[in-house]
Amino acid sequence: MSTISKELDRKNIPNVVITAFTSIAQNVGANRIVFGGDFTHPVGDPSLPIEREKAYRKRVIEKALFALGEDVVGPTIFNVEESKEA
């Protein structure tokens, strides 16, 4: 996914990688990286009650949309500041 992101960036197509493996995305050269919670569920946490998981998913996606609008120079990691708690 990070390699695809890098190639999209080369074509001036903004994109965001949501991943638990931020160091890999950073090393590959993806420009906008949002830290996802877990390898198997980067945009969610099925261990949370459904309403809290929905709120967490929403925060991750909102952070990705924020990152998409930011001008960056090189790989930049965006974190979801809040915990998985609603």
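Strand 2 (residues 32-35) and strand 3 pair in the parallel sense over three bridges, where two strands are taken to pair if DSSP finds at least two bridges between them, and where helices (H or I, at least four residues) and strands (E, at least two) are DSSP runs numbered from the N terminus. The model is a predicted one, in which local features need pLDDT of at least 70 and side-chain atom pairs count only at pLDDT 80 or more, whereas totals for chains, interfaces and linings use all residues. Residues are numbered from 1 along each chain as its sequence is written, and side-chain values rest on heavy atoms, with hydrogens and water left out.

Within the pairing of strands 2 and 3, Ile33 stands opposite Ile77 of strand 3. Both strands belong to an open sheet of three strands, which has the order 1-2-3 and parallel pairing. Because strand 1 (17-19) and strand 3 (76-78) stand at the edges, each with a single partner strand, one side of each is left without a neighbour in the sheet. Neighbouring strands of this sheet are turned by 30° against each other on average, direction ignored, the axes being lines fitted to C-alpha atoms, for helices over the stretch in contact, with angles that run from 0 to 180 degrees between N-to-C directions. Helix 3 (residues 50-69) packs on the sheet and touches strand 1, strand 2 and strand 3, contact meaning heavy atoms within 4.5 Å; the direction of helix 3 makes about 165° with that of strand 2.

Five salt bridges are counted, each defined as a side-chain nitrogen of Lys or Arg within 4 Å of a carboxyl oxygen of Asp or Glu. One of them joins helix 1 to the sheet: Asp9 in helix 1 and Arg32 in strand 2 are 23 residues apart, so that the pair links distant parts of the chain, and their closest N and O atoms lie 3.9 Å apart. Asp9 is buried at 15% relative accessibility, as is Arg32 with a relative accessible area of 9%, where buried means under 20%, exposed over 50% and partly exposed in between (1.4 Å probe, protein chains only).

Two further salt bridges lie within helices. In helix 1 (residues 2-10), Glu7 and Arg10 are three residues apart and thus separated by about one helical turn, with the closest N and O atoms of their salt bridge 3.4 Å apart; Glu7 is partly exposed at 37%, while Arg10 is exposed at 55%. In helix 3, Glu53 and Arg57 are four residues apart, about one turn of the helix, and their side chains meet in a salt bridge (3.2 Å, N to O). Here Glu53 is buried at 7% relative accessibility, whereas Arg57 is partly exposed with a relative accessible area of 36%.
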